Amino acid sequence: SSGINAEYGARICAGTTGKGSTAWQGYGAPYYYVYTRVDMSECGFLGTLIITALVDGNSAHWQTTTSGVSTAEATKDSFTVYLFGWVGIHSKPGQSGPTASVAQSGQWNVNWQAIGYVC
C-alpha cells in the first residue's frame with residue numbers, strides 16, 4: 001500500500017474558508033454551479049496532497065448534488081471546490097442551480113484537511 005509516512009516529514013493541516021466570508025463564484029447556463037478556491041499556502045506543503053473537504057452552511061447547502069465534496073485543481077497551495085445541483089423548491093434540475101448569492105446568503109463554507117510532506 002502507499003501512503004504518507006509521518007517519519008518522513010508529513011503534516012496534517014486543516015482550516016475553513018469561513019461562514020460569511022467564502023468567495024463563491026457562480027457559473028450560469030447551461031451548467032449552473034458555484035465554486036471557490038481554497039488557499040492553504042500557509043501549510044507549507046511541498047508536493048502532492050491528500051485532501052478531504054466538506055461544505056457547511058446555514059441553509060440549502062445540503063441540496064447540492066455533491067454533498068461529498070470533490071476537490072479539483074489541487075496544488076501544494078490550494079484547491080477548488082465545485083458544487084452542482086439544484087437549490088430551492090422552484091428550481092428545476094438541468095435548468096437552474098446554485099448561485100453565488102444563494103451560497104453567500106446561506107453562509108456556505110468549506111471545511112478541509114490536507115495531509116502532505118513539508119520536508
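Seven bridges join strand E4 (residues 50–56) to strand E7 (residues 109–117), and the two run antiparallel. Hello everyone, that pairing is where I'd like to start today. Please keep in mind that this is a predicted model.

Within that pairing, threonine 52 of E4 stands opposite glutamine 113 in E7. Now look along E4 itself, where the side chains alternate. Ile51, Ala53 and Val55 point to one face and are buried. Ile50, Thr52, Leu54 and Asp56 point to the other face, and they are not buried. So Thr52, the residue standing opposite glutamine 113, belongs to the face that is not buried.

Let me stay with Asp56 for a moment. Which residue does aspartate 56 meet in a salt bridge? The partner is lysine 19, with an N to O distance of 3.7 Å between the side chains. Lysine 19 sits in the loop between E1 and strand E2 (25–27), while aspartate 56 is in strand E4, so this pair ties together parts that are 37 residues apart in sequence. Both ends are partly exposed: lysine 19 has a relative accessibility of 41%, and aspartate 56 has a relative accessible area of 26%.

That is one of three salt bridges in the structure. Another one joins glutamate 73 and arginine 37, whose closest N and O atoms are 3.7 Å apart. Here too the pair links distant parts of the chain, with glutamate 73 in the loop between strand E5 (71–72) and E6, and arginine 37 in strand E3, 36 residues apart. Glutamate 73 is partly exposed, at 48% relative accessible area, and arginine 37 is partly exposed as well, at 39% relative accessibility.

There is also a salt bridge between the side chains of aspartate 77 and lysine 76, at 3.2 Å from N to O. Aspartate 77 counts as partly exposed with a relative accessible area of 27%, and lysine 76 does too, with 36%.

Next comes serine 78, which brings us back to arginine 37. Serine 78 is found in strand E6 (residues 78–84). Is serine 78 buried or exposed? Its relative accessibility is 12%, and the cut-off for buried is under 20%, so serine 78 counts as buried. Its side chain makes a polar contact of 2.7 Å with the side chain of arginine 37. Leaving aside residues up to four places away in sequence, serine 78 touches Arg37, Val38, Asp39, Met40 and Glu73. Arg37 and Glu73 therefore turn up twice in this story, as contacts of serine 78 and as salt-bridge partners.

On to the aromatic rings. A search of the whole structure finds six aromatic pairs. One of them is tyrosine 27 with tyrosine 33, a stacked pair with 5.0 Å from centre to centre and 15 degrees between the planes. The rings of tyrosine 33 and tyrosine 35 have their centres 6.0 Å apart and their planes at 50 degrees, so that pair is tilted. For anyone wondering about the labels, planes under 30 degrees apart count as stacked and those over 60 as edge-to-face, with the rest called tilted. Ring pairs link Tyr27, Tyr33, Tyr35 and Tyr82 into a cluster.

How accessible are these tyrosines? Tyrosine 33 is buried, with a relative accessible area of 15%. Tyrosine 27 counts as partly exposed at 38% relative accessibility, and tyrosine 35 counts as partly exposed at 29%.

Finally, the cysteines. How many disulfides does the structure hold? There is one, formed by cysteine 13 and cysteine 43, with their sulfur atoms 2.0 Å apart. The torsion about the S-S bond is about -70 degrees, so the disulfide is left-handed. The pair links distant parts of the chain: cysteine 13 is in strand E1 (residues 10–16) and cysteine 43 is in the loop between strand E3 (33–39) and E4, 30 residues apart. Both cysteine 13 and cysteine 43 are buried. Cysteine 119, on the other hand, counts as exposed, at 67% relative accessibility.

That brings me to the end of the tour. Thanks for listening, and I'm happy to go back to any of these spots on the screen.

Notes
Residues are numbered from 1 along each chain as its sequence is written. This is a predicted model: local features need pLDDT of at least 70, side-chain atom pairs count only at pLDDT 80 or more; totals for chains, interfaces and linings use all residues. Side-chain values use heavy atoms; hydrogens and water are left out. Buried means under 20% relative accessible area, exposed over 50%, partly exposed in between (1.4 Å probe, protein chains only). Helices (H or I, at least four residues) and strands (E, at least two) are DSSP runs, numbered from the N terminus. Two strands pair if DSSP finds at least two bridges between them. A disulfide is a pair of cysteine sulfur atoms within 2.5 Å. A polar contact is a pair of N or O atoms within 3.5 Å; within protein, one must be able to donate a hydrogen and the other to accept it, and residues adjacent in sequence count only if both atoms are side-chain atoms. Contact means heavy atoms within 4.5 Å. Rings of Phe, Tyr and Trp (its six-membered ring) pair if their centres lie within 6.5 Å; planes under 30 degrees apart count as stacked, over 60 as edge-to-face and the rest as tilted. A salt bridge is a side-chain nitrogen of Lys or Arg within 4 Å of a carboxyl oxygen of Asp or Glu.
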